[in-house]
Amino acid sequence: MNNLITILQYQFVERAIIAGFFLGLVCAVLGVFLVLRKMSLIGDGLAHISFGAIAIGIAFGIYPLFVAIPLVIIASLIIYTLTRNNIIEGDAIIGILASFGLAIGVIISSITTGFNIDIFSYLFGNILAINQQELIFAIIGSITILSIIILFYQEFVAISFNAEQAKISGLPVSRLDIIFSIITALTVIMSIKLAGALLVSALLILPASSSLQVSKSFQQTIIFAIMIALISIIFGIIISFIGNIPTGATIVTINIILFFTIILFKYLIKR
Amino acid sequence: MNNTLISLDKVAVSFGASQVLQNISLDIKQGDFIGITGPNGAGKSTLIRTLLNLNPYTGSIKLWDTPLSDFHHWNYIGYVPQSLTQYSRQFPATVEEIVSLGLISTLSWPRILNQENINHIYDTLKSLNIQDLAKTSIHDLSGGQRQRVWLAKALVSKPKVLILDEPTNALDPEIRNTFYEQISKLHKQGLTILLITHDTNDIGNYAEKILLIDTNIIFWGDFNEFCKSDSMSHYFGEGSKHIICHQHE
């Protein structure tokens, strides 16, 4: 217990837990909508694109997020536009752009020397290394995105339930989808520091998927997803610090254990 | 007084080279109970989806005397689509949450429900005798209960027209009759009904007007005239005539 209190007194652990709390909250809430809209893979695709964008930023000496934010938002809108107009299936365009992002990242990191450590922290995440500036960005970004979700909550629920019926109700579905694409892109970019480009989609998919196994209502789904996300993030940060193992991977592993535990209990109860 | 709610003039819909609807002209008036029928692929659902601004079309469509493209009072129309297309099996929601989605067209932004809205949701559930199910997950309901939930979602915005697209496909005959009794009661309270159905018995029992389409309009008019027409025998056969028309004889 004393050890735990000592760990929590480290400023960098405190920063990591605060950032993890806000990012976990926003990933859990947004993830419910993404999973229900069968858009789970978009997180993975956008994360790979942001890897390429971050590499460009580091190579040219620009703060990586300043490059990633516009590029990933543009990629998100390209995915939305091409799928909406039935030009290409969603999973195909996500795969194409993800490969492109990863390829750019790999090429730049191979021809530019001296920043491989930086790029690896974005690839695998390192929330314990979050600085004050990044913490403020994570808090303000999370609060902004959560506020947007609260303001458009009924609309996003209606579209997740049935987009066509939402349109019949007179909702501007296309405009709402654009807002949704932008906040998805921003959430992915913000969360890369937490879990890394390779694992960030797990933060969006797993809490929502676990929650959907046991929830009876939409509100309950969101509450359970938040609880699962926060448990996995806080314990993930502490365990990774104690065990000296990567934080993002630890958080995702806890999430996966929770997911299969829930599935197992659900199966046993049904029997 | 003009009591035309929906007006179609020379409406045509095609998907690529396939002409699905052609030269559809008709007026739907307040208080009508219209049965829309026709063979598979005749364009019945396409007609409804076109009225709901979901399909590109040529010709003219006016809702409450307003061109479709300028129409904004979507709360005037309640729509119950085919039951199987309603929702994802994974979607987690209680009856109350589903019905609240029907209110969305009546709320101004930000669309946050107040106590008055919640009371109205419960009044609607009560009118359909499903108030006890308000907190129940939609996945825990029977087919008949679920159908009443979709109806409550369509009615909660106090529509003037109720459109039902094969609403009883998945229901057994007894529940189907109860459902149609409910619809008939709503019609008697003044609601205009458009009912797409394959079940010819339903048309005979409840609809006052019939729209028989097969890309074009084959018959449009009063049910009694339909029973006397050649279209009736041609499309349904002499044997079915007695079953379909007995209510109107």
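Modeller: Before we start, helices (H or I, at least four residues) and strands (E, at least two) are DSSP runs, numbered from the N terminus. This is a predicted model, where local features need pLDDT of at least 70, side-chain atom pairs count only at pLDDT 80 or more, and totals for chains, interfaces and linings use all residues. Residues are numbered from 1 along each chain as its sequence is written, and chains are lettered from A and ligands numbered from 1 in the order in which they are written.

Colleague: Happy with that! How many helices and strands are there in chain A?

Modeller: From the N terminus on, the order is α-α-α-α-α-α-α-α-α-α-α-α-α. The count for chain A is therefore 13 helices and 0 strands.

Colleague: What radius of gyration does chain A have, against that of a compact globule?

Modeller: The radius is taken over C-alpha atoms, and the globule rule is 2.2 Å times the number of residues to the power 0.38. For 271 residues that rule gives a value near 18 Å, and chain A agrees, with 19 Å.

Colleague: Lovely. Are α11(A) and α13(A) roughly parallel or roughly antiparallel?

Modeller: Axes are lines fitted to C-alpha atoms, for helices over the stretch in contact, and angles run from 0 to 180 degrees between N-to-C directions. The axes of α11 (residues 200-214) and α13 (residues 247-270) of chain A come within 9 Å and cross at roughly 15°. Angles under 35 degrees count as roughly parallel, over 145 as roughly antiparallel, 65 to 115 as roughly perpendicular and the rest as oblique. So α11(A) and α13(A) are roughly parallel.
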